[in-house]
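Here are a few short exercises on how two parts of one chain meet. Have the structure open as you work through them, and try each task before reading its solution.

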Number of protein chains: 2
Amino acid sequence: MRIWIIAGLFLMAATGSHAQDMVGFSPEAARKQQQIEAAFDAELRVANLDDWMKRMADRPHWVGTEAGAENARWMKKQFESWGYDARIDTYQVLFPYPRVRLLEMTAPEPFTAALEAVAVEGDPYTAQGDALLPSYNAFSTDGDVEAELVFVNYGVPADYEELEKLGIDVKGKIVIAKYYGSWRGIKPKLAAEKGAIGCIIYSDPKDDGYYRGDVYPKGPFKNATGVQRGSVMDMPLYPGDVLTPGYGATEDAERLDKEEAPTITKIPVLPISYADAEPLLKALGGPVAPDSWRGALPLTYHIGPGPAKVRLKLEFEWSLQPAHNVIATLKGSEFPDQWVIRGNHHDAWVHGAADPVSGMVALMEEARAIGELAKDGKRPRRTVVYCAWDAEEPGLIGSTEWVEDHLAELREKAVAYINTDGNGRGFLGAGGSHSLQTLVTQVAGDVPDPQTDVSVKERRIAAQLTRGGDAEFALSALGSGSDYTPFIQHAGIASLNLGFGGENAGGEYHTIYDTYAHYTRFKDPGFRYGVALAKTAGRIVLRLANAEILPFDFKPWHATVNEYLEEVMQTADNLRAEVEKHNSLVERNAYRLAADPTEPTADPELKAAVPYLDFSPLQNALAGLKETVSGLSGKDFTKLAPAGRKRLNDLLMHAEQQLTDAEGLPRRSWYKHQIYAPGFYTGYGVKTLPGVREAIEQKKWDEAREQINRLAGTLDGMKAYLQQIHDLAP
Amino acid sequence: MRIWIIAGLFLMAATGSHAQDMVGFSPEAARKQQQIEAAFDAELRVANLDDWMKRMADRPHWVGTEAGAENARWMKKQFESWGYDARIDTYQVLFPYPRVRLLEMTAPEPFTAALEAVAVEGDPYTAQGDALLPSYNAFSTDGDVEAELVFVNYGVPADYEELEKLGIDVKGKIVIAKYYGSWRGIKPKLAAEKGAIGCIIYSDPKDDGYYRGDVYPKGPFKNATGVQRGSVMDMPLYPGDVLTPGYGATEDAERLDKEEAPTITKIPVLPISYADAEPLLKALGGPVAPDSWRGALPLTYHIGPGPAKVRLKLEFEWSLQPAHNVIATLKGSEFPDQWVIRGNHHDAWVHGAADPVSGMVALMEEARAIGELAKDGKRPRRTVVYCAWDAEEPGLIGSTEWVEDHLAELREKAVAYINTDGNGRGFLGAGGSHSLQTLVTQVAGDVPDPQTDVSVKERRIAAQLTRGGDAEFALSALGSGSDYTPFIQHAGIASLNLGFGGENAGGEYHTIYDTYAHYTRFKDPGFRYGVALAKTAGRIVLRLANAEILPFDFKPWHATVNEYLEEVMQTADNLRAEVEKHNSLVERNAYRLAADPTEPTADPELKAAVPYLDFSPLQNALAGLKETVSGLSGKDFTKLAPAGRKRLNDLLMHAEQQLTDAEGLPRRSWYKHQIYAPGFYTGYGVKTLPGVREAIEQKKWDEAREQINRLAGTLDGMKAYLQQIHDLAP
C-alpha cells in the first residue's frame with residue numbers, strides 16, 4: 001500500500017528528511033512520532049539489560065523450575081512498576097525430565113558415553129553441578145534399544161537418498177546424525193520413517209567446535225564436552241503441548257493419552273558431545289562417507305553399519321508442569337481494542353543468557369521506556385501487549401497454548417505480533433509478513449548501528465553487497481523456531497521476528513555454557529546491540545501503535561509472493577530436468593559404467609517422469625492482485641473521514657488472516673497460513689507457498705493440482721478483500 | 001584434418017566397424033593395422049609387469065644411486081633382447097642430497113620435528129632404514145633461519161591477497177603452507193617474493209590423510225608420519241639441470257655457478273608430515289584462518305604470525321650426478337628418419353612403485369610386444385624410440401637434457417612424443433596436442449576397459465556424464481609435471497601424456513610408502529590397467545608408426561584454440577567486472593561497514609580499471625584458420641602420388657613446431673610454445689595461450705597487447721603453413 005509513501009513524497013519539501021515518507025503517518029503526525037521515538041531512545045539504559053540478564057540467568061530456569069516461576073513473578077512486578085496491567089497466564093503442559101540416560105558401545109570394544117559437559121575456569125555458572133539440566137532431547141520417547149550403528153550425515157532426506165545409492169539400509173539400526181542441516185527434530189522423525197530404532201545426534205567440531213574457532217573458555221565455540229539440548233517434538237505437525245492439539249492446555253482441558261500424542265518421537269533420541277561421538281565414529285566400518293558428510297574429527301568417517309554396536313536407554317519422568325506466560329498490557333489511548341503484541345520467551349534450557357534472556361531484557365527495557373513515555377503523556381494510541389512466554393524451548397508451548405486459548409479474541413483485536421529471541425552483535429535480521437516490509441525497512445533506516453556511523457539498514461546492505469547480494473533490504477519468510485509460529489501460521493496475525501547477529505558466533509546454544517560470563521565476553525559486550533534491538537522493535541511497536549493508517553504495504557507483499565511462485569514453478573522444472581537427466585544416464589548405463597566396481601553401489605532405477613502442471617490459476621490470481629495492489633497506489637486515503645479511516649484500519653489489521661485457510665495444510669491442519677510454513681522435512685526452514693511447494697517436492701502431483709487451486713482461491717479472496725480497501729477511497 | 005574420416009566413411013560398407021574411419025589409414029591399411037593391433041594385444045603379459053615392478057622397485061633408486069644405474073643397465077639389456085638398438089645417454093647434472101635437516105619450534109614451547117616416516121607392518125620395503133632417501137625438497141637452497149611462523153594456506157597468489165586484506169605481512173617470517181593448491185615449487189617462490197625467509201610445506205590430512213580415507217597400512221592414504229618429497233626447482237622458468245639452461249649437461253658443458261643458478265629457491269624449504277605440523281599449527285595465534293583454508297587436524301587453524309617461532313636449518317651436498325637415460329630404437333622399415341618417441345621416467349624418490357615404475361613397466365611390455373611384432377614381420381614403418389628417463393623427479397632433468405642435447409635432430413625427425421608416468425585403476429586421462437585428439441579418441445574407443453564391457457573411451461564418457469560433464473572425449477591441455485615438457489613446450493614436438501586413474505587414490509606419492517606392497521593392494525591389483533595403458537599407448541605408437549598419412553587432424557585443434565581465446569577474453573571481462581564491483585563497494589564504504597570492527601582488516605583500496613583490449617588480431621587469425629582447416633576437409637589426399645604423400649607427411653610432422661616462437665614467453669624464453677605452457681604461478685597447472693593469458697592475469701596491459709600481436713603472428717604463420725598442405729591436394 002504504497003499510497004502513503006507517495007503522499008509523503010508530495011510533501012517532502014515541507015517535512016524533515018525522516019518524516020517525509022513515514023508509512024502510515026501524515027507528515028505532521030510523523031514529526032510528532034519522531035519526537036516520541038527520540039524520547040524513547042533517550043530512555044533506554046544499558047545498565048538495565050546488564051542487571052536483568054545477571055538476575056534472570058543466574059540459575060537454570062526451564063519450564064517447571066522454581067527459578068522460572070520466580071522470573072515470571074519478578075517480570076510481572078517489573079511491568080506493573082512501569083505502568084502496565086500485568087498478569088500471569090498459566091497452562092499445564094506435558095514436560096519430560098530425563099531420569100535415565102545411558103549410551104554405551106557394546107562392540108567392537110566397550111565404551112560408555114560421559115554425557116556431561118565440564119565446568120570451565122572463569123565461568124562459575126558452569127559449576128552449578130546438579131542444578132544444571134542433564135543434556136537430552138525433549139519429547140524423545142522412552143526406550144531401551146541395542147543395534148549396529150549407521151552414520152547418516154545430517155539425517156535429512158538427501159542423506160537417505162545417498163545411503164540408498166550405496167545400498168545401505170537403516171532398518172533395525174541405530175543412526176548417528178550430526179546436528180545442523182535441518183532442525184534437530186527432523187532427524188529422529190526421518191530415521192524412524194526409515195525403520196531405525198534409535199537416534200543419536202552429536203555436534204561435529206566442523207559445524208560446532210574447534211574447526212570454527214577457539215573453544216570455550218579460550219574462545220566462544222563448543223568444547224569437546226558441550227552438548228546441545230533441544231526439543232525433538234514433531235513441531236511441523238503442530239507445536240505446543242503435545243496433549244492438547246489446537247486448544248489451550250488449561251487446567252481442565254481434555255488431554256490425549258501420552259501414548260497417542262503424535263508429536264512425541266517414535267524412537268529414543270539422545271544428543272551427545274563430540275568427545276562422546278568420537279569413539280563411536282572411529283569404530284564404524286563400511287564405506288567411507290561422501291566428502292560432504294565428513295566432519296572435523298581426526299578420523300576417517302565411515303558409514304557402517306557396524307561393527308560398532310550401541311545400546312541406548314532412556315527413561316523420562318513425564319509430568320504436567322505449569323507454564324507461566326507473563327502478559328503485560330498498556331491500554332491504548334484511542335483504540336484499546338487494537339493490540340500490538342510484542343513477545344519473547346523467558347524459559348531457558350539452562351541459564352540461557354543468550355537464548356532467550358538477551359532478547360527478553362531488550363524487550364523489557366523497551367517496555368519500560370514505553371511505560372515512561374505513557375507516564376509522560378505519550379501513551380500509545382493503540383494497546384500494546386508485552387508478553388514473556390514460558391516453555392518455548394520444549395516446543396513453543398507457552399505461546400502456542402496462549403494463542404490457541406485466546407484465538408477468537410486475537411483474530412479480532414491483534415494488529416500484529418513482533419517477536420524476538422536471542423540477540424547478539426552484528427547485523428539486523430528481520431523476517432515476517434511482507435506487508436510489513438516497508439515499515440521495517442523505514443525503521444531499520446532510522447536506527448543507528450552501534451559500531452559504525454550508519455543505520456542498521458545501511459550496515460546490513462553493506463554486508464549483503466560484500467557477500468554478492470543486492471542492495472535491497474528485504475524480510476525473510478518465517479518458518480519456525482520461535483514464538484511467532486502460533487501467531488502467524490495458526491492465527492494468521494501479521495508477524496515479525498527480529499534480531500541482531502553475525503558477529504556473535506559461538507557454541508553455547510542450549511548448553512551449560514550459555515551464561516552471563518560467556519555472553520558478555522563474546523555475544524554482545526556492553527549490550528550495545530541489545531539496545532539497538534530495543535530501538536528497532538520499540539520503533540516498530542510505536543509506529544504500529546500510533547499510525548493514523550496502519551502501516552501495511554501490499555506492494556512488496558505482492559512482489560514477494562510473485563517471486564515465490566516463480567521459484568515453485570522453477571522447482572517443478574528443475575525436478576523434471578533432473579529426472580530426465582537421471583533417466584537418460586540410467587538408460588545409457590552411465591552410472592554402472594562410472595561406478596567403482598570394488599565399492600558397494602546400488603544400480604539406480606528409472607524415475608517416473610515429472611508432469612507439467614497448470615500454474616495458470618496462480619498466475620492469473622497474482623496478475624489480478626497486481627492490478628488491485630497497483631490501484632491502491634493511486635488513491636489518497638488521508639482524506640478519509642474518521643469512520644472511513646476506522647473501517648480502513650479494521651480491514652488492514654485483518655488482511656493477513658485472508659491468507660489462511662481453515663482446513664490448513666495437507667496432513668497438518670494446525671498450519672493455516674497458505675504463504676508461509678515450516679517445512680515438513682526441514683523443521684525450522686521455511687517453505688513458502690507450502691501446500692503447492694511441498695506437494696511438488698514430494699512428487700504428489702494430484703495434491704499439487706489441488707493445492708494450486710486452493711491457493712489460487714485464497715489469493716482471489718485476498719484480491720476481493722483488498723478491493724474493499726480500494727472501494728473505501730474517497 | 002578430417003578428410004581421412006570422410007574418405008573412410010565413403011568406404012564404410014566395405015570395411016569392418018573399426019576400420020571404417022581410422023585416421024591416417026585407407027580402409028585396406030586399416031584392416032591390416034587392426035590385425036597388427038590384435039597381435040600386439042595378444043602378446044601382452046600381466047606377469048611381466050608384476051615381475052618387473054618387483055625388481056625395479058625393490059630398493060630406492062633416485063638419480064645417482066647404484067640401484068638406479070642398475071635399473072638402467074638392466075632395461076638396456078631388456079630392450080636389446082627384444083630386438084632394439086639400445087644405449088644409455090648419460091648427463092652430469094647437479095643434484096642436492098640432504099645432509100642436515102633441522103626443524104624446531106623455539107617458542108612458545110620447544111618441539112623438534114621428527115622428519116621421519118615410520119615403517120609399517122606388512123610392508124617390508126618401508127623398513128629399509130638408512131637406504132630410504134630422507135624427506136626433503138630438492139633444490140631448496142641451504143639455510144639456517146629462525147622467525148615467527150605464518151600459516152599461508154596453500155601459499156598461492158590468492159592466499160597472499162587474503163593475507164593482505166587481513167593486514168598480515170610475511171616479511172621476515174617463516175611460512176607454513178599446505179601441499180596442493182599449486183605445484184609445490186610455487187610456494188617457496190611466492191613466499192620469497194613476499195619477503196619470507198623460510199618455507200615449510202606439510203600434508204594436511206584433509207587433502208592427504210585420514211580425512212580422505214583409511215591410512216596406511218589399513219588403507220592407502222597418508223598416515224601421520226608420511227612426507228611427500230619433491231622438487232622445488234623453479235621449473236616454470238626452465239626445467240632440467242639448473243646449471244645448463246637450454247643446452248645438454250654433457251660432461252664438458254659450460255656450467256653456471258650454483259650461486260647464479262636462477263632455478264634454485266631463494267629461501268630454505270622443507271616438507272613435513274602432519275604429525276610434525278600439528279604442534280606448530282596449534283601454537284599459532286592471530287586471526288582464525290578463513291573457512292576454505294582450514295584442514296582436518298583437530299585444532300583451530302590460526303594464521304599467526306607467532307607466537308610460534310621456528311628454526312629451520314638445511315644443508316645439502318651439492319654434487320654432479322650421472323643421469324642415465326635409456327634410449328632404445330627399433331628402426332622403421334620404410335621411414336627410418338621419422339621417429340615416434342615414447343617415454344617414461346625410471347628414477348624414483350624412494351621405491352616409486354607407482355611413480356614411475358607402474359608406467360615404466362607398462363611401457364616396457366609395450367616395447368617388448370612391438371619387438372615381437374617386428375620379429376614376426378610386422379616391423380613398424382616408422383622408427384620407434386623407447387626412452388626411460390632418469391632424474392625426472394628433481395626437475396625433468398634427464399629428458400630435458402636429452403632434448404636440449406638433440407634439439408636439431410629431434411625437430412627434424414620427431415613425429416610425436418608419447419609420455420606416461422605413474423598409472424592406476426580407473427579412467428583414461430589424456431592430454432596433449434589437440435591435432436592428435438582424433439587419433440587418441442579412436443584408439444580409446446578400441447581399447448577395452450578391464451572392469452566393464454565397454455571401451456576405455458565409453459567408460460570415461462560415462463564418468464563425465466555422471467559428474468555433470470558432456471559426452472565428448474577431449475584431450476586436456478598439457479602444463480607440466482612430467483617428461484613431455486621439453487618435447488612440446490621447448491622443442492615444439494606434438495606430444496601426448498596418458499594414464500589411468502581415479503580409482504587409485506592414496507597418500508603414497510613421493511613417500512616411503514610408494515612400494516610394491518602398497519601398489520598391488522591399492523593402485524592396480526592384478527596390473528589390469530597397466531595392460532590397458534600398454535594397449536592404449538602401444539596403439540597410438542603403432543598407428544603413428546604405420547599410418548599412410550600421419551594422423552594429425554586440425555579441426556579439433558582449431559576448435560580448442562578458439563575456446564581458449566574465448567576463455568581469455570572472458571578472463572579480461574571478468575577481471576574488469578570484478579574491479580568495477582570492488583571499486584563500487586570501496587566507494588560506497590561497504591567493506592568497512594560490513595567488517596567486524598573487533599577483527600583486524602585492512603581497508604581495501606581502489607584498483608586501477610581494466611582496459612578493453614583489442615582481441616581482433618586473434619579473432620581474425622582464427623577466422624582465417626577456420627577457413628583453411630575447413631578447406632582441408634574437402635580434399636582427398638589419398639590420391640596423392642608417393643612424392644606428394646612424403647611431402648604431406650613431412651609437413652604434418654612439423655606442423656606443431658609452427659606454434660612455437662623462438663623468443664619464447666616473456667621472462668622465460670625456454671618456453672617456446674604459444675598455445676600451452678605451465679603457469680608461472682601454478683607450476684604444473686596449464687595456461688593456454690600463455691603469453692596473452694598471463695599478461696592479463698598479471699594486469700600487464702602493454703604486454704598483453706604485444707602478446708596478442710605475437711600470438712596472432714604465430715597463428716597467421718600456422719595458417720600459411722596449413723595452406724601449403726591444402727595446396728598439395730591433387
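**Exercise 1.** Find how many residue pairs are in polar contact across the interface of domain 1 of chain A and domain 2 of chain A.

*Solution.* Keep in mind that this is a predicted model. Step one: take residue pairs with both members at pLDDT 80 or more; across this interface, 25 such pairs are in polar contact. Step two: look for salt bridges between domain 1 of chain A and domain 2 of chain A; the count is zero.

**Exercise 2.** Describe the side of domain 1 of chain A that touches domain 2 of chain A.

*Solution.* Begin with the elements: β1 (85-107), α10 (397-405) and α15 (516-523) of chain A each supply at least two residues of that side. Then sort its residues by type, which gives 18 nonpolar, twelve polar and nine charged.

**Exercise 3.** Work out how much area is buried between domain 1 of chain A and domain 2 of chain A, and which three residues of domain 1 supply the most on their side.

*Solution.* The buried area comes to about 3400 Å², with carbon and sulfur atoms giving 62% of it. On the domain 1 side, Trp349(A), Ile512(A) and Tyr513(A) supply 19% of the area buried against domain 2, more than any other three residues.

**Exercise 4.** Place the two domains along chain A and state how far apart their centres are.

*Solution.* Domain 1 is made of two stretches, 27-93 and 321-552, while domain 2 covers 95-317. Taken over C-alpha atoms, their centres are 31 Å apart. The contact draws 39 residues from domain 1 and 48 residues from domain 2 of chain A.

Methods. Residues are numbered from 1 along each chain as its sequence is written. Chains are lettered from A and ligands numbered from 1 in the order in which they are written. This is a predicted model: local features need pLDDT of at least 70, side-chain atom pairs count only at pLDDT 80 or more; totals for chains, interfaces and linings use all residues. Side-chain values use heavy atoms; hydrogens and water are left out. Domain bounds come from an automatic or database domain assignment. Contact means heavy atoms within 4.5 Å. Buried area is the accessible area (1.4 Å probe) that two parts lose on being put together, summed over both. A salt bridge is a side-chain nitrogen of Lys or Arg within 4 Å of a carboxyl oxygen of Asp or Glu. A polar contact is a pair of N or O atoms within 3.5 Å; within protein, one must be able to donate a hydrogen and the other to accept it, and residues adjacent in sequence count only if both atoms are side-chain atoms. Helices (H or I, at least four residues) and strands (E, at least two) are DSSP runs, numbered from the N terminus. Ala, Val, Leu, Ile, Met, Phe, Trp, Tyr, Cys and Pro count as nonpolar, Asp, Glu, Lys and Arg as charged, and the others, Gly among them, as polar.
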